[in-house]
Amino acid sequence: MNGPSLFLPLIPLLPFVGFLLNGVLGRRLPKGVVSAIALGAPLASFLLVLRLGLLVWSGSLALPVIEPGAPVWLSVGTMHVDFGTVLDPLSLVMLLVVTGVGFLIHIYSVGYMAHEKGYWRYFAYLNLFLFFMTVLVQAGNALVMFVGWEGVGLASYLLIGFWFQKPSAAAAGMKAFVVNRVGDFGFLIGMFLLLATFGTLNFSEIATRLAANPELTGGVLTATALCLFVGATGKSAQLPLYIWLPDAMEGPTPVSALIHAATMVTAGVYMVARTHVLFDRSPFALAVVAIVGAATALFAATIGLVQTDIKRVLAYSTVSQLGYMFLGCGVAAYSAAIFHLMTHAFFKALLFLAAGSVIHGLGDEQDLRKMGGLRKKMPVTFWTMTAAVFAIAGFFPLAGFFSKDAILYEAFQHGSLGKALWFVGVVTALLTSFYMFRLWYLAFFGESRDPHAHPHESPWSMLGPLSILAVLSIAGGWIGMERFGAFLAPAVGTIVDPSVAPGGKQLDYILSALAVAVAALGWYIAHRFYHQRPDEPARLAVAVPGAYNLLVHKYYVDEIYSFLIVKPLLAFSRFVLEWVVDFAILGGAAWVLGGTAQLGGAILQRWQSGNLRSYAAWLALGAAVLLLFVLVPWTSVLAGFGIHLGMVAR
Amino acid sequence: MTILQFVFWSLLKVIVVTVVLLMGVAYTVLLERKLVGRIQNRWGPTRVGPFGLLQPLVDGAKSFLKEDIIPSGVYRPLYLLAPIIALSCALISIAVVPFGSPAVTGPGGFHFFQIADVNIGLLVILGITSIGVYGIALAGWSSNNKYSLLGSLRSSAQLISYELALGLSLVGVVLRAQSLNMRIIVESQSKHGLLSWNLFGGFQFVAFFIYLMAAYAETNRSPFDLPEAESELTAGYHTEYSSMKFAMFFMAEYANMIMVGCVATLLFLGGWTSPFGDLIPLPQNIVLQALLPMFWFVLKVFSFLFLYVWVRGTLPRFRYDQLMNFGWGYLMPLAILNILATSLWLAYK
Amino acid sequence: MSLWQQDVPLSLYLLLSALLFALGVVGFLIKRNLITMFMSIELMLNAVNLSFVTFAHQWHAVKGQIFVFFVMMVAAAEAAVGLAIIIAVFRARSTLAVDRIDLMKL
Amino acid sequence: MHLILFLVFAAFCLAGAVNLLLQTHPINSALSLIVVMTSLAVLYLLLGAEFLAAAQVIVYAGAIMVLFTFVVMLLNAGREERTRGSRAYAVIGFPATVAVLALISTVILHMQGLGSAGMGESLTNQPGATNLEELSTVLFTKLLLPFEVTSVLILIAILGAVALARHPDAEKQEGK
């Protein structure tokens, strides 16, 4: 490797060391030390990543960097898997987001979890998550990525079930784990297909192979891409596997912010972008991705309209924003998707943290209907939250505007299907802004609906990250899609450039204006419903009870799943366990083995007289037999009798 | 030379050496009695012959003539075997001791002054010493007497414990000579007389001290004469023995003393070489050439025995736990340190 | 050629060691006393050592002798521990007759 | 002369071994075993293994057998009593032993190219190289590690022996 040393391996390893220290010793360490370790590790790796970024910025480091001579993990036949890392614009951006936001949320957690008993445990898990996430992002091949993939799944499971005393939390953890398994299954199949097709799992090699033979399209590639996409839907909570994410809100709020909003759930998008060469070759897969993304976006947004739990609202908005990103991927605008991923990471993390601050201030109150009038009580939270709301609603010139606009524009430029998707996207944008402002109004305006609530502003360890994230979600988009796309182009390919596309820049402006108008409309509706005439929603609900219930019960998806899949599966497994495994196999085995053992014992115990000398006698006999066996050339003897064994005669 | 000549000469040597050794034993007894007498401010034996010089012979005759009592209840075969083992082990070791200069040889390079020139002489001596334990152990056990048993157990334990220190103390010397052959060991310290002795030139004085202590313990001499501590165990392992068998044990003890003296002389005091090195020119006369080394050898052994008796006359007896403590706690580590130091020094040279 | 210069074929040594070994086995079989049985084990070890030395002489290789050396060391350790065990057994059972020591628990 | 010595001491060996079997008192067996060992030492000497001969005497006769006699004395083991054990040893053991002996001897007798031992032959007949040097060079260069490990083994054995043989209430006795 030429140029300055990059310490790429250190980036994951530092959090891992933090995990080990806290996980092993944490119980005995004082809180201060635990926090120091827990904050130091992410900070160090964040600085490392930042240094990389500056190196790239100053042009003294040429991307992509693929360090040679990585230690080989396993080498089976023609398959060789090493721990190679890949550092290209894509992974660099991702690393910046992960470590940066991750570090901020670590700081936040210090304040938020201050009174937890499992303080050390919490931070150990958090560091573990960072370790696996960075592994996932840096992975140079699918298998290592899968390790990180599973690892973040594990970390998220542990953190969702952090309050495992609470049955709902434990159940939510299980649910997340199981649903993710379905996705991982897809991912695994995809990897097998990759191996079958290319004989390697290394991304760069796959890319070169594909570039080498352009005639390779559709068919198996489609299958592979779709399998990988199934994995992505699992991890990124897309239809039909999104159901685990809302329940994941059982975890501590910073965890929801970090894992279930900013970073982990975007892993699917990242993976699709990472393997975009496959998707590019298969229009069908791309279409599927786009449609699923759009559908999820709309679907989740509609559910989000009526949720009353502040965190669930945010969860569904996360799902729908992820839908946006997949929509972006689906129209082959990966850089737009990644752009949105980044900005979303900022404002969604901010939203969650602000919500967490609200919850914290209200003493673990999550129900929107019991909030209100917090604007005076917690001003910092209010203002930061405001920034986030406007950002996600897509108001100019906040971060959300640029990225969402980019995606919508790319979709619009993507043929007739694109037009439809664009429309869905716009509608979703409307809904998004509506339910976000609904939340905003319910939480911060009007009068406090809960007489005995004594809200108080949160400590600065929480407000600090909030402010930083607020700045980011305001200014994060000012990079501009063009520059960002140009930067990412070598990694994920170019996108349609408004200045040269049909319709030129005007079209871009028109669409942007439209988006902003839609957002404003949503704001207005929310203002009208939840600020001027707070009784309106109730009446509306009464007016269209069917729709309302459908939304409140999230389209009964959980119920459907439980009826179609969970219940039959449970029944079947019970049957298998009780009758096949327990009775037939175990019981029968026990009976047979026990019987033989008793029989054998009855015979052999006469032998075990316990008399040393008889043992010695048998020993001598054994020696004699062995000698006889070794010394007599049996083969020739038997040959004398005309018997020929397969062996060669001594 | 033919086999027959060889056998003849060897037998001759064996007989002569044994007789001389036995005489030496007898007169060591006399020496001890007289010296201790002087130390305790009395005359010691004076009546029999001039200065009581015939005393040993009379003692021998006495023990021959005494009635040989075999107590009932002893385990007879071992009771009879024990003293024989003890004495023979004490006498055999002399076989590998070179007590004169090898320069003077008979026909066919035949050595007069050493019965057998084994190139593991030292090990042979150690081995035979270790066999010697049986004499005492069996004696004590077979004579079916608690004092004997205790004494024998004590002395066997003592022998085994101190054998370690003894052997380790010799390693330093062996390291310097790079051989276990007695003759080579002696020649390794024959350069400049006194100065090249292992005791002085070889810086083995620590080893010598350890060897001295271990030797006292090995021969059950005071201050380590617990096995026959009269005040506690009447006479220890040979309580039940009388007349000739007792005499055998007695002789065995003194023969061991002489052996130890010989070994000390060979290993630390330059064997038969003269303490003045080349200051005294080697005489031309072949007889003198043969006799002078023997003279030096005998002189050194004698002085060693003198030291023996002196210590006996001076020091009180140890307590048993003190004895073990001393052996394991001080001598062993000291010996090991000595080995380390010696080997380091040799490696440095 | 006179008896004096007669050499000994090594097969005799080997036969001797075989005989000693067999005697050791027999001793282990017929002896009723723990200690003597242990002694016959030592006898077997010695027999094996003899054949080792013989082969060392046969092939003019020092390895055999080294092997014997190690066998001796191990035998020493074994004797120490074994005898300690015998003492412990005697304390527990107050007998050394193997035929009476045929139960694991007291 | 070699032959004579061999015959004499082989005879001693066998006599000792047989006596070990015939004697009923442990101490006699121990002594006959000592005879066997010492005469084996002589045979080693004849085979040009002086060091092993010495080691045999020192280690086996001088240390191990002393231990045996000690234990015999300590436990005051008397003559063997006639006990009714299982007869398996007689029925199975003896034929098996005979078979083993027969097999081994046939092998030995059919062994080709066995040399013979003469008087005063050293191990490798190079002049000046004593058996001791040859042994020690190998032992302290090639086999240093096993050598050290053996020492550790012996240390452990000592500790184990002490732990096993100390009297159950030894701690109490030390206590007071």
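Axes are lines fitted to C-alpha atoms, for helices over the stretch in contact, and angles run from 0 to 180 degrees between N-to-C directions. The model is predicted: local features need pLDDT of at least 70, side-chain atom pairs count only at pLDDT 80 or more, and totals for chains, interfaces and linings use all residues. Residues are numbered from 1 along each chain as its sequence is written, while chains are lettered from A and ligands numbered from 1 in the order in which they are written.

**Exercise 1. Describe how α14(A) packs on α15(A).**

Step 1. Helices (H or I, at least four residues) and strands (E, at least two) are DSSP runs, numbered from the N terminus. Helix α14 of chain A covers residues 310–330, and helix α15 of chain A covers residues 334–361.

Step 2. The two helices pack at an angle of about 175°, with their axes 9 Å apart. The pair is therefore roughly antiparallel, given that angles under 35 degrees count as roughly parallel, over 145 as roughly antiparallel, 65 to 115 as roughly perpendicular and the rest as oblique.

Step 3. Contact requires C-beta atoms, placed from the backbone, within 7 Å. On the α14(A) side the residues include Leu314(A), Thr318(A) and Met325(A), and on the α15(A) side they include Ala337(A), Leu341(A) and Phe352(A).

Step 4. By class, this contact has 13 nonpolar, 5 polar and 2 charged residues. Ala, Val, Leu, Ile, Met, Phe, Trp, Tyr, Cys and Pro count as nonpolar, Asp, Glu, Lys and Arg as charged, and the others, Gly among them, as polar.

**Exercise 2. Check the length of α17(A) and state how its residues are covered.**

Step 1. The expected span of a helix is 1.5 Å times one less than its number of residues. Helix α17 (residues 379–393) of chain A has 15 residues and should therefore span 21 Å; its end C-alpha atoms are 21 Å apart, which agrees.

Step 2. A residue is buried if 20 or more other C-beta atoms lie within 10 Å of its own, exposed if 12 or fewer, and partly exposed in between. In α17(A), 11 of the 15 residues are buried, among them Phe382(A), Met385(A), Ala388(A) and Ile392(A).

Step 3. Just after α17(A), Gly394(A) takes a positive phi of about 90°.

**Exercise 3. Place Ala388(A) in the largest nonpolar core.**

Step 1. A nonpolar core is a set of buried Ala, Val, Leu, Ile, Met, Phe, Trp, Tyr and Cys residues joined through C-beta atoms within 7 Å. The largest has 209 residues, of which Ala337(A), Ile338(A), Ala349(A), Leu350(A) and Ala388(A) touch the most other members. Helix α15(A) gives the most to this core, with 19 residues.

Step 2. Leaving aside residues up to four places away in sequence, Ala388(A) touches Phe347(A), Leu350(A), Leu351(A), Ala354(A), Ala470(A) and Ser473(A).

Step 3. A second, separate core of 185 residues includes Leu170(B), Ile258(B), Leu31(D) and Leu47(D).

**Exercise 4. Characterise the contact between chains D and B.**

Step 1. Chain D contributes 14 residues and chain B 16 residues. Helix α3 (residues 50–75) of chain D supplies the largest share of the chain D side, 10 residues.

Step 2. The chain D side divides into 10 nonpolar, 3 polar and 1 charged.

**Exercise 5. Tabulate the make-up of chains A, B and D.**

| Chain | Helices and strands | Buried |
|---|---|---|
| A | 27 helices, 4 strands | 50% of 650 residues |
| B | 11 helices, 2 strands | 46% of 349 residues |
| D | 7 helices, 1 strand | 38% of 176 residues |

Methods:
Contact = placed C-beta atoms within 7 Å.
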